[in-house]
Amino acid sequence: MSDTHAQTVAFVRETEIPPAPPPASQAGAVKWVRENLFSGPFNTIMTLLALYFIYKIFMGAFPWFANGVWDAGSIRECRDKVTASGAETGACFAVLVDRWDHLMFGFKYPADAYWRPLVAFLVMLVAIAPVLFSKVFPRKMLILTALYPFLAFWLIWGGSLWVPLTILAAIIVTGMIFKFVESLDVGARTILAAVVGAGAGAGLAYLLFTGAQELWFIAGSIGNATILTLISSTLFMALSVFTYAMFIPMGIFVGYAIYNDAEDGGLVTIVTSLAAIYVMLAYLLGPVSGTLNSIIPIELQAVPSRDMGGYMLCMILGVVCVSLSIPLGIILALGRQSNMPLIKGVCVVFIEFIRGVPLITLLFVANVMLAYFMPPESNFDLILRVIIMITMFSSAYIAEVIRGGLAALPKGQYEAADSLGLNYTQATRLIILPQALKISIPGIVNVAVGLFKDTTLVSVISMFDIVGMIRGPIQQSTDWISIYWEVYLFAALVFFVVCYSISQYSQWLERQLNTSHR
């Protein structure tokens, strides 16, 4: 400042003014409301209309909730209590108290065994913790995670403890066989591939021949009374003839493909392991577990699958199918990108066929049609059939989601893995899959949430899940007939809690894995 100018200024501040808080209209909730709800005439009108509808809904629903009756033996008793209190309306939540066991466990599950699914649920929370929060819990807890499926099966279904333990032993032996075949030299593996290829080709040819016979039988059963039945019968007959013509070439082709893969070893290792576990489960499971149980009997009361229901059934189907469909989806996605035409063709046909069929159709197939393709004396469990179908359905969708994640990876990631000298398994496990799965998390969670909600579709095949219990034994009983809102709101609340928790966990996991800005 020049001397001339300094003489014309009356006051010059020598200290800094302390910072002042922003005006109330420019910070906090007032700013958020002004910018998001009343930022213009149109938004103001829409906000006022929304507030009006929320007010009307709240004022209509609040008395219904506030005057709710929690202690009554029937809907008539509920309404009498509401009338006696002088209220115009009131909910009848007593149905939730009266039928709580049925909503949770179904109406046939033994009451003295309710502790078993509860223990299985609590152990599940402990077993799944090291998988969901790997940085918090020690890796040694993964041993409990691996053992949990066998423990949960024994707790919920009951029977002998030696049955799940024998299955566990069969899986361990299969892993040892996989490692042994993988370690063989090319000469020994070629001899093994010839034997396994001949057996697998003959087995596949036999299955196709049996399938052709079944198709011909179905074609004859449909008849030709109408145009629709004539077309259906002709279609099944054509499929049968095609299968008759192809069962020997397909058997030879598959057997030769296994033999031809002896040098690489991947196909012969997988087929040998699958054949080994099939033989152990089909021919050794019953005798071994029966012998062990006769020596050291450890049993719980057996509960058939038809007696299971309620929310427990939804949890069983949701947890098991999601847990199985993710690894199966990864295998299908990798198989679809394989350079081997046989593996790629099988994966493409499986994914496209399953995605082209509604889930409800697959459930009907699991309930009715699947029994036609089983040996006459076999008793294939219904829940196991439904689990297989739902897992196949969801794994096809998850495979496409993961394939999108694989396609999103830049080519440099594959080239970097090659430059490090990694083989296909190492590159896929250490570099490709971790990045692809991180990209695919939103899609996988979307499929998982949809799958958990789709478990209610089993009610159409007479399985009494929580929705089936509401529509069947509860609403058709004389005590609780014509009750709707209370039970369906409860079911919606239960599903919302689980699905919202899954969504929030996925968002947390995305933030944990987001390393792009660090």
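I take contact to mean heavy atoms within 4.5 Å, and I keep in mind throughout that this is a predicted model.

**Entry: T145.** I looked up T145 and found its place in helix 8, which covers residues 142-157. Leaving out residues up to four places away in sequence, I noted that T145 touches A127, P130 and V131. I then compared its position with that of S85: the two are 60 residues apart in sequence, and 52 Å apart in space from C-alpha to C-alpha.

**Entry: the cores.** I turned next to the largest nonpolar core, which has 92 residues, and I wrote down that Y109, M308, V386, I390, I466 and W480 are those with the most contacts inside it. For I390 I listed the partners beyond four places in sequence, and these are L317, C321, L359, L363, L451 and V458. I also recorded a second, separate core of 8 residues, with A193, V254, L267 and V271 among them.

**Entry: S240.** I located S240 in helix 11, residues 227-260, and asked myself whether S240 counts as buried or exposed. Because its relative accessibility is 0%, S240 counts as buried, the cut-off for buried being under 20%. When its neighbours within four places in sequence are set aside, I find S240 in contact with A212, L215 and W216.

**Entry: F42 and the surface.** I found F42 in helix 3, which runs over residues 41-66, and I noted that F42 counts as exposed because its relative accessibility is 60%, where exposed means over 50%. F42 also helps make a nonpolar surface patch of about 670 Å², together with I45, M46, L49, Y52 and F53.

Key. Residues are numbered from 1 along each chain as its sequence is written. This is a predicted model: local features need pLDDT of at least 70, side-chain atom pairs count only at pLDDT 80 or more; totals for chains, interfaces and linings use all residues. Side-chain values use heavy atoms; hydrogens and water are left out. Helices (H or I, at least four residues) and strands (E, at least two) are DSSP runs, numbered from the N terminus. A nonpolar core is a set of buried Ala, Val, Leu, Ile, Met, Phe, Trp, Tyr and Cys residues joined through side-chain atoms within 4.5 Å. Buried means under 20% relative accessible area, exposed over 50%, partly exposed in between (1.4 Å probe, protein chains only). Patches are made of residues with over 30% relative accessible area and no salt bridge: like charges are joined within 9 Å, nonpolar side chains (Val, Leu, Ile, Met, Phe, Trp, Tyr) within 5 Å. Accessible areas come from the Shrake-Rupley method with a 1.4 Å probe; for residues, only the protein chains shown count as cover. A salt bridge is a side-chain nitrogen of Lys or Arg within 4 Å of a carboxyl oxygen of Asp or Glu.
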